[in-house]
Amino acid sequence: MTVIKEILRFFEDFAPLGNAMDFDNCGLLVGDADAPVSRALVTLDINADAVAEAAALGCELIISHHPVIFHPLRRLGTQSVPYLLARAGIAAVCMHTNLDLGEKFGVNICLGQAAGLREVRRAPLGECLFFGELEEEIPSRTLAERVRENLGCEGLRYTEGKGTVRTVAVASGAGGSEIFDAAAIGADALVTGEIKHHEINAANELGVAVIDAGHFKSEDIVINPLTERLRAAFPDTEFTKCKSYSDKIKYLS
């Protein structure tokens, strides 16, 4: 039977822990590396609903993108997620910025592919910036519509920049600060999950279109293909994409 340390080694091939940013907390955050795993839940975040879903499925492990323990714990309340995991006997493996930065497979690779980019690769500038080219130059709105459809967004924000795009940068999650480096590498657009007002103003001045798909949608795109990779690598373990967790954001029109 698969044990957790084998799953940790699996991630080292494309999202090594050594590549995580200094502020991050990645790896096995709850549980024992020698514990066997017959069932695992794969999710962007671990909340109480995800723990309950994992317990109902008989999972011994949850694999998530965002760390379930990020800041040092000063108190462990009975309703806190780490407590709920420990009480249910469920381990947690969390792969965050190391998975964002994966150059063979990772969040930004999947986001770029969803935007229709060829040869998605890490940019020479920026902390978490990737880029690629579209098959042909298209209107900014067309790219926004493609991203909305392929990420399953109920809605998103976008600006038109120069009106058409060919070279596109992607920075999943809170990647709006990458707008300056996106412009510096000659990108016509930046696809991200969060961007601040002053960064939008800068994008408008720089002539770079912005597509803000929302943090959850810009990163959840990795969960299905990651689940498939895990299934292929560990056929004796059942991996299930979490159904209970989402950011619960709704859009008014």
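Two strands count as paired if DSSP finds at least two bridges between them, and one residue-level example of such facing positions here is valine 168, which stands opposite alanine 189 in E9. The model described below is predicted. Its strands include an open sheet of 5 strands and an open sheet of 6 strands, and helices that pack on these sheets include H1, H2 and H5.

**The six-stranded sheet**

- The strand order in this open sheet is E5-E6-E8-E9-E10-E7, and the pairing is mixed. Strand E5 (118–122) and strand E7 (157–158) are at the edges, where each has a single partner strand, so one side of each is left without a neighbour in the sheet.
- Strand E8 (residues 164–171) and strand E9 (residues 189–192) pair in the parallel sense, with 4 bridges between them. Helix H5 (residues 107–114) packs on this sheet and touches E5, strand E6 (130–139), E8 and E9, while its direction makes about 160° with that of E8.

**The five-stranded sheet**

- This second open sheet also has mixed pairing, and its strands follow the order E1-E4-E3-E2-E11. E1 and E11 are the edge strands, each with a single partner strand, so one side of each is left without a neighbour in the sheet. On average, and with direction ignored, neighbouring strands of this sheet are turned by 25° against each other.
- E2 and E3 run parallel and are joined by 4 bridges; among the facing positions, leucine 41 has isoleucine 62 of E3 as its bridge partner, and valine 42 has isoleucine 63 of E3.
- In a regular strand the side chains alternate between the two faces of the sheet. Both faces of E3 are covered, with Leu61 and Ile63 buried on one side and Ile62 and Ser64 buried on the other.

**Helices around the five-stranded sheet**

- H1 lies across E1, E3, E4 and E11 and runs at about 15° to E3, whereas helix H2 (residues 48–57) touches E2, E3 and E11, its direction making about 155° with that of E2.
- The buried residues in H1 are Ile4, Ile7, Leu8, Phe10 and Phe11. Seen down the axis of H1, these residues fall within an arc of 155°, so they line one face of the helix. They pack against strand E1 (27–30), E3, strand E4 (91–94), H10 and E11.
- In helix H10 (residues 223–233), Ile223, Leu226, Thr227 and Leu230 are buried. Because they cover an arc of only 100° around the axis, they are on the same side of H10. The elements that cover them include helix H1 (4–12), strand E2 (39–43), strand E3 (61–64), helix H4 (97–100), helix H9 (215–220) and strand E11 (238–241).

**Pocket and cavities**

- The largest pocket has a volume of about 310 Å³. It is lined by 17 residues, of which Phe23, Thr97, Asp100, Ser172 and Ala174 are the closest to its centre, and the elements giving two or more residues to this lining are H4 and H9.
- The structure also holds 2 cavities of 30 Å³ or more, and the largest cavity has a volume of about 40 Å³.
- The lining of the largest cavity consists of Val42, Thr43, Leu44, Phe216, Asp220, Ile223, Lys241, Cys242 and Tyr245, with E2 and H9 each supplying at least two residues. Ile223 therefore appears in two roles, as a buried residue of H10 and as part of this cavity lining.

Notes
Residues are numbered from 1 along each chain as its sequence is written. This is a predicted model: local features need pLDDT of at least 70, side-chain atom pairs count only at pLDDT 80 or more; totals for chains, interfaces and linings use all residues. Side-chain values use heavy atoms; hydrogens and water are left out. Contact means heavy atoms within 4.5 Å. Axes are lines fitted to C-alpha atoms, for helices over the stretch in contact, and angles run from 0 to 180 degrees between N-to-C directions. Buried means under 20% relative accessible area, exposed over 50%, partly exposed in between (1.4 Å probe, protein chains only). The arc is that of the directions from the helix axis to the C-beta atoms. On a 1 Å grid over the protein atoms alone, a cavity is a set of points where a 1.4 Å probe fits but cannot get out, and a pocket is an open set with protein on both sides within 12 Å along at least five of seven lines; lining residues have an atom within 4 Å of a point. Grid points are joined across faces, edges and corners, and a volume is the space filled by probe spheres set on the points.
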